[in-house]
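The exercises that follow ask you to read a structure step by step. Try each task before you turn to its solution.

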Amino acid sequence: MNLVVLNGSPKGNISVTMQFVEYLGLKIPGASLNILNIAKEIRGIERRPEKLRAVLDAVRRADLLLLAYPVYYMTVPSSYMRFWELAAASDEARAAFAGKRVGVFTTSIHFFDHTSHEYMRAVCDRLEMLYVGGFSAHMQDLTTEGGREKLRGFAARLTASEAGAWHHSRRYRRHGAPAGKMDLGEAGAHLDNTKTSVLVVADASRADSGLPAMIDRFSSNFVQPPRVVWLESLGLVSGCTGCLACAMDLRCVFTEKDGHRRFVDEELTTADIVVFASDIDTCFFTSRWQAFLTRLFFNGHVPLIKGKQMGVLASGPLSDYPHIRSVFDGFMGYSGNHLLDYVSDEAGEPHTVGRELDNLATALLEAKNAAYFPPPRFDAVSAHKLFRDEIFSHLGVVFQHDHQYFCKNGLYDFPTAQLGRRVLNRFLYLLLKTPGLRRRFYTREMVPGMVRPYSKVLERARLGRA
Ligand SMILES: Cc1cc2nc3c(=O)[nH]c(=O)nc-3n(C[C@H](O)[C@H](O)[C@H](O)COP(=O)(O)O)c2cc1C
């Protein structure tokens, strides 16, 4: 079997993902692996048509494709994302990928690996590949027998797919066309933001992007025009390449080479209200956005954008790709921001889009003035717990800044650390083994007991003391 691996790790062959791929290859009888370092060589593929053609030749000859990559910022490395943008924009590439059987394989620490797989699956469907299955390995799984057993199972599935036994299905059927430019007019400045800085960070990939008009309409609500920064102006030389040199001293190797760090330090982290704006073209924000986001990794797992009122503007078929909301809700929720809403132009109806932009502007300023931050939801809560455990158990050795931040801010909040609670729980646990008490508790006491602590709070609230 000619198994063509499109490697999405910017580290090329010396990557965690490729160690797993080698193991998978060994477990597929008769497989010959052809690994193409897509992410590492993206510059050449982008600039030299013969390089892209060579990749497409290999794709055409493949019996099975394996899209293997590390999860980066809840999706993929920006260089890999760039490749899929190029492929979606090329007739030749679309023809080469259409009808190809494809498996998706990732390594990660399982932080939003599901959104990464959804993104990749959307891309597979967009290019009309035949998706036969995905596998999300924890980056340490290869070192455990349990992990290897599951990998062998995936190898068997891929083999079955080659024999045609594996049923594929299309999940993303709609890839809506962008609405194109619209005249959204102006709202009339009525929101007093003289004491509030509003920053819009934007990237457009299409000549007919609706973003400029959307940003103008949104901005026209404010007395002080928001600052608008187009990512192109930062001259990003690269997204994160996973070299991890930053873990030593919080400095990215590209710091001096472009405007990323200056912008982050001087503008992004100091604004009160931050709005992200992007074209939606190839199933996500643009790859330049992804380059920008992944470069925030110089600060490890410590959030840089925090305590902000936020919004998202999207030009393109946002609702065709629910993972986009999941990514930004999770990312911004984990960092203690309040992401109020998403506005897209996909309705294609200027009056509706304009009104939604006005509403977002008003809601953002109101939330800022009220200092309103809702409690974290499942995505943010679980994100915290996952990072906490990973940093405590092994990442904190390398990412020492993360470890110090977690210590200093009481973020190692394991339930096992609450000794008094554990002793009490043990006592109550044993008490509930007593037959008479047990019956009485489960049939009569439990439900009223659950609301008892709240009754006390409400009593105090009625007296204006809570
Ligand atoms: C910039 C960057 C972003 C990352 N983002 C995520 C993430 O969102 N979720 C996750 O579980 N792991 C994330 N990781 C961890 C990698 O997915 C993991 O270490 C992977 O095994 C690296 O594979 P590689 O050596 O093949 O590149 C990230 C790592 C880097 C360097």
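**Exercise 1.** Find where Leu244 lies, and decide how far it is buried or exposed.

Solution. Leu244 sits in the loop between strand 7 (227-230) and helix 9 (246-249), where helices (H or I, at least four residues) and strands (E, at least two) are DSSP runs numbered from the N terminus. Residues are numbered from 1 along each chain as its sequence is written. The model is predicted, so local features need pLDDT of at least 70 and side-chain atom pairs count only at pLDDT 80 or more, while totals for chains, interfaces and linings use all residues. Next, count neighbours: a residue is buried if 20 or more other C-beta atoms lie within 10 Å of its own, exposed if 12 or fewer, and partly exposed in between, with C-beta atoms placed from the backbone. Leu244 has 13 other C-beta atoms within 10 Å and is therefore partly exposed. Finally, look at the backbone: Leu244 has a positive phi of about 65°, although it is not a glycine.

**Exercise 2.** Work out whether Met74 is buried or exposed.

Solution. Begin with the place of Met74, which is the loop between strand 3 (64-70) and helix 4 (78-89). Because 24 other C-beta atoms lie within 10 Å, Met74 is buried. The phi of Met74 is near 70°, a positive value in a residue other than glycine.

**Exercise 3.** Describe how helix 8 (residues 211-219) packs against helix 13.

Solution. Two packed helices are described by the angle between their axes and the distance between the axes. Axes are lines fitted to C-alpha atoms, for helices over the stretch in contact, and angles run from 0 to 180 degrees between N-to-C directions. The axes of helix 8 and helix 13 come within 8 Å and cross at roughly 50°. That makes helix 8 oblique to helix 13, because angles under 35 degrees count as roughly parallel, over 145 as roughly antiparallel, 65 to 115 as roughly perpendicular and the rest as oblique. The crossing of helix 8 and helix 13 is right-handed, a term used if the near helix is turned clockwise from the far one, whereas an anticlockwise turn by less than a right angle is left-handed.

**Exercise 4.** Characterise the surroundings of Arg355.

Solution. Arg355 belongs to helix 13 (residues 350-370). Since 15 C-beta neighbours lie inside 10 Å, Arg355 counts as partly exposed. Its C-alpha atom is separated by 8.8 Å from that of Ala187, although the two residues are 168 residues apart along the chain.
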